[in-house]
Amino acid sequence: MTSPLSTLESSRLAVSRREQSAAYGYDAGLLVLRLALGLTMAAHGAQKLLGWFGGPGLDGTGQFFTMSGYPAGHTMAVVAGLSETLGGLGLAAGLLTPLAAAAVVGTMVNALAVKWGGGFFAPKGVEYELLLTTGAAALALTGPGRFAADRFLPVLRVHRPVRGVAALVLAVVVAGVVLMVRK
């Protein structure tokens, strides 16, 4: 005969296994999102910095920034390229996730401002930039999941949404300051 206590324990174990399975599913989904978004941004930054993947390199990107009304176009190209490359690699690895996401969001807010007015859809629209911005913001708020380098950093081992919010506020403030110097 089975005791009610053992039935209750079996039930709790079954629920615990289901919850653990769901958590791994969420973590796997966050990993896929981080890799896709992060590696896309890193490649985009490498186009700016190094001219890889058919990109214009620093000189071409600097000229674009100057034509878009930013002072010191070459310097802005370096800042944007580093933000995209390092922010993207940080997201892909799940390393310093709130700050990596903030780097991507800040850069993409400026990209949105430059392209705004061309409609929503490509080739002149903002849907691509908007998707990258919101994806990075979502990762700042949710955290990187268990399959991330942040799990090895004592301060970031447990995700705190307030860190993500603070990082996003920082990204928007810095992006706003950069936009204010734009002609």
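A pocket is here an open set of grid points with protein on both sides within 12 Å along at least five of seven lines, and its lining residues have an atom within 4 Å of a point. In this predicted model, the largest pocket is lined by 31 residues. Phe65, Ala80, Glu84, Thr107 and Asn110 lie nearest the centre of this pocket. The space inside the largest pocket amounts to about 680 Å³.

Six helices each supply at least two lining residues: α1, α2 (57-67), α3, α4 (97-115), α5 (127-142) and α6 (161-180). The greatest contribution to the lining comes from α4, which gives 10 residues.

A nonpolar patch lies on the surface and covers about 440 Å². Leu35, Leu39, Leu82, Leu86 and Leu89 make up this patch. Two elements, α1 (4-50) and α3 (73-93), give two or more residues to the patch. Helix α3 gives the most, with 3 residues. Leu35 sits in helix α1. The relative accessible area of Leu35 is 35%. Leu35 therefore counts as partly exposed, because that class lies between the buried limit of 20% and the exposed limit of 50%.

Confidence was examined for the chain and for its elements. The mean pLDDT of the chain is 90. A pLDDT of 70 or more is reached by 92% of the residues. Among the elements, α3 has the highest mean pLDDT, at 97. The lowest mean, 83, belongs to α1. Both of these helices contribute to the nonpolar patch, and both supply residues to the lining of the largest pocket.

Notes. Residues numbered from 1 in each chain as written. Predicted model: local features only at pLDDT ≥ 70, side-chain atom pairs only at ≥ 80, totals over all residues. Heavy atoms only, no water. Patch = residues over 30% accessible without salt bridge, like charges linked within 9 Å, V, L, I, M, F, W, Y side chains within 5 Å. Areas by Shrake-Rupley, 256 points an atom, 1.4 Å probe, with all protein chains shown as cover. Salt bridge = Lys/Arg side-chain N within 4 Å of Asp/Glu carboxyl O. Helix = DSSP H or I, 4+ residues; strand = E, 2+ residues; numbered from the N terminus. Buried < 20%, exposed > 50% of the residue type's maximum accessible area, 1.4 Å probe, protein only. pLDDT = per-residue confidence, 0-100. 1 Å grid on protein atoms, 1.4 Å probe; cavity = no way out; pocket = protein on both sides within 12 Å on 5 of 7 lines; lining within 4 Å. Points joined across faces, edges and corners; volume = space filled by probe spheres on them.
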